[in-house]
Amino acid sequence: MPASTGWGRPEDLVENLSSMDTTARLKALRDVKNQIIGNKTKKLSYIKLGAVPRVVEILASDAEIPLLVQSAAAVGSFACGNEAGVKAVLDSGVLPHLLKMLSFGDNKQVVEACARTLKMIFQSSLAPRSEMLVGQRMELLLNLLNSSNENVAEVAAHVLARCCESVEHQQAIVDAGGMQRLVTLLSGTIRRREAALDGLAALVKNNPQLSLQLAAMEQGRPLALIIKFVKDKIPRTRFLACMCLANISRSCPFCYPQEWDIRTSMLAVIVKLLEEPGQVGEESPIVLADIVANNEELQRAAYKFDAIVKLSALLQRESLPTKQLEGILMALAELCSRLEESRRQLLDQDPGKNAQAAIISALSHPSESVRVASCTCIKSLSRSVKNLRTTLSDERLVFPLFKLLDDPSPVVQVAALSAVSNVVLDFTPHKSVFFQCGGVSQLIQLSRSMDPMLRLNAVWALRNLLYLADMAVKEKVISELTVSTLTSLIHDPEEMVQEQALAFVRNLVYGSVDSVQQVFAEESAILIAVERQLCIACRPEVCTQGVYVLSNIAAGNELHKEAVMSFVAPVSQEGRNPSPILRFLQDMSNPQLRVAAVWCVMNLSYPDSPGAVTRVARLRESGIEQQLQKMVDDPCLDVKDRVKTALEQFTGLANV
Amino acid sequence: MNRLVMNYFVTEGYVEAAEKFYKETGTEPDMDLGTITDRMEVRKAIQCGNVQDAIEKVNDLNPEILDTNPQLFFHLQQQRLIELIRSGKVEEALEFAQEELAPRGEENHEFLQELERTVALLAFEDTSSCPVGDLLDVSQRQKTASELNAAILTSQSHEKDPKLPGLLKMLIWVQKQLDEKVSYPRINDFATAALEDPAT
């Protein structure tokens, strides 16, 4: 660095930080501070030169006010906005000194400087959060909330908010009286009330019990105040109030009167805040996502407020902060989760073309949460048939998406799998793009994973892949998956995996005689597995899929029908044997299962095939007809209609 | 009305006027007059071209302001460069641009365009007729000074604009709306604010 800045060589400055001469020490300190404020590059180079421990030493042992103020400010600046700085100051043991000054310091400037520094440190994820909630430190923080110094109160609330990482933390703070103290701050000055909103929002986040507690507190007076702040003239206050209320609604929906109206007005406010500069704009998208989550009407209202247009425009800005990008993608994911017009708007408009590009490039973002958010967004978009056929089958999207199946982070893998599950339902018979990118092999590999979530989602994706696929696809998949893997999946320890495996077989055998034939490969291993599962499974969803497999097989040729018959109407020496599928027809808790079973019977008794008469007779002997007759007034209309057809088929064939 | 006037003095930084007004009317100023003096010194420093001095002063006031406002910090550095160029210290200016401004451009690509404009000043011998000559205007100093002033006010949780001009604008707009609908006593002369009856 040149001498022209008038500050002297950096190495000299660092040396002077430990000078015996107070004046020299103070000058060096001030110069370092002034150089690093706002200047990330300089912060990093001074850290490398070892400035931080020397500055902390001054804070720890010096007594003169100017030295304390400047050193606190310098430490704060080192920690501001860069993780290396936070690590350096924490490693130098600054925290106890800061806390000591905050408790006992009587000089206003020193206390304020220390408060600011504490705030900077706690904006980082490296800050030691759990350590702050124990004993004396927790008491200190709560006392600082009541400080007459506004800056100090604000910082205390800020630190508490950052320390709410778990339900235990939140409860500990509330038990020590934290919620009460924060609520008192709500009626204070602008800074105090914003600090209070920040703290309360963190206390109630993902916590139904505390959300309810805050809403009901003091006959709803604090809640009413927060609701009023949604319309405050200061953007940051509006934002914090919305965040707080959104957290309450997300944890504990409808826990206070007129929550619906308030959510709608919050929505209008937050959509306008999307374009606000600074932290408010950066964090508004994720709050928007929280407000509309799982709520179709609010999503529709947001669409009308042009939320999607605004978010789409934001996506096209360069170098978006990570948090903001993640928020925008999550908001779009929620907004497009149910409404076709939203998905259409995002992908069809001209600016929308670039929104697509941004979503796709986010799949390769360095941040894990951004990658997850992008997958979630794609999953929402893939609920649209039109999109599946066009945008989402495009290899520019498919290739990077499938790459995430190998992502080092399991969270990303599951999110990608979820999106892939939908995307492979592209309704084209050849599905070539998924083979080209090696995605099918990846899915098959994941279906052998030790992780049940990965296994489940992989099998689900494979099931969707086979939907309406052509023979070539089915043969390729089965030969790579192998019959033995498939039979293991049918008998998987997890019931949900069993269900998907059976649904996979259902899709496998659907549609043609050749398809049905697959199930007889390797000495009917697959069919045997399915039948075995039908005998032992309890979960109705599993049985439903299994019965549909039989049903689809029974739509095949005579041999196929015969194979199903030997299960459904077993022949033995004793003569009459009750059918194993009777229990499905009798299951009043699950109409889906009953429908599936009646379909199976219908296919077996289909009149236009040679063996129909014999089959009907055997079915009758197994008690099927009798059971069907009991079902003519089944409460489920679907079941009732099928039963009628089946009985007609039975009667028709009986008269032959 | 008194509070509006006091708010104007305090926001715009007229300390002596604020003090006198307080003595005359007893209206409390809505911020600590001591901080106004600090803020005005920062503003004066920039208006005289002493950007370094202004930076040190604002860092003493509140180190967070420049640490959390990359755009503002960039503009202050930019102003320093402009002042170096203005005083003919070309070599120093080049070194400064390389050492201090280039990293800002690297940290934040949005600044690159403005950075290029400013460095372009160095390419022209006759700065008065060059396309980026406006950067050397006094108005550029004003712009930077106002930006810094606003940031200080915001950090003190004070609104950065006085209320009085806004209210006047609203009054003008309301009167225009009413003009189309009814006849009513109107304020035509804003200096006296006398209500004049509509012409009959």
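How much accessible surface does chain A have, and what share of that surface belongs to carbon and sulfur atoms? About 27300 Å², with carbon and sulfur atoms taking 53%. Keep in mind as you click around that this is a predicted model.

**Stop 1: all of chain A**

Select chain A and show it as a cartoon. You'll be looking at 43 helices and zero strands. Now rotate the chain: along its principal axes, the C-alpha trace spans about 115 × 60 × 50 Å. Its radius of gyration is 33 Å, whereas a compact globule of 656 residues would come in near 26 Å.

Try colouring by burial next. Of the 656 residues in chain A, 57% are buried. Here's another thing to look for: take the contacts in chain A with a separation of 6 or more, and 70% of them are between residues 24 or more positions apart.

**Stop 2: residues 136-178 of chain A**

Select residues 136-178 of chain A. An unreviewed UniProt entry gives this stretch the feature "repeat: ARM". The span is 77% helix and 0% strand. Pick the C-alpha atoms at its two ends, and you'll find them 14 Å apart.

**Stop 3: two helices side by side**

Stay in chain A and select helix α12 (residues 167-175) together with helix α15 (residues 208-216). How do these two pack? Their angle is about 30 degrees, and their axes are 10 Å apart.

Switch on the side chains to see who does the touching. From α12(A), the contact uses A:Gln170, A:Gln171 and A:Val174. From α15(A), look for A:Gln209, A:Leu210 and A:Gln213. Sort the residues of this contact by type and you get two nonpolar, four polar and no charged.

**Stop 4: over to chain B**

Now select chain B. What secondary structure does chain B have? Ten helices and two strands. Follow the chain from the N terminus and you'll trace the order α-α-α-α-α-α-α-α-α-α-β-β, so to speak, with the β elements coming at the end of the run.

Turn chain B along its principal axes, where its C-alpha atoms fill a box of roughly 70 × 40 × 30 Å. The radius of gyration is 22 Å in chain B, while a compact globule of 200 residues would have one near 16 Å.

Finish with burial, contacts and surface. Buried residues account for 40% of the 200 in chain B. Among contacts in chain B between residues at least 6 apart in sequence, half, or 50%, link residues at least 24 apart. The accessible surface of chain B is about 11500 Å², and carbon and sulfur atoms make up 53% of that.

Notes. Residues numbered from 1 in each chain as written. Chains lettered and ligands numbered in written order. Predicted model: local features only at pLDDT ≥ 70, side-chain atom pairs only at ≥ 80, totals over all residues. Heavy atoms only, no water. Axes fitted to C-alpha atoms, helices over the stretch in contact; angles between N-to-C directions. Helix = DSSP H or I, 4+ residues; strand = E, 2+ residues; numbered from the N terminus. Contact = heavy atoms within 4.5 Å. Nonpolar A, V, L, I, M, F, W, Y, C, P; charged D, E, K, R; others polar. UniProt positions renumbered as here; feature names shortened; annotations may be inferred. Rg over C-alpha atoms; globule rule 2.2 N^0.38 Å. Buried < 20%, exposed > 50% of the residue type's maximum accessible area, 1.4 Å probe, protein only. Areas by Shrake-Rupley, 256 points an atom, 1.4 Å probe, with all protein chains shown as cover.
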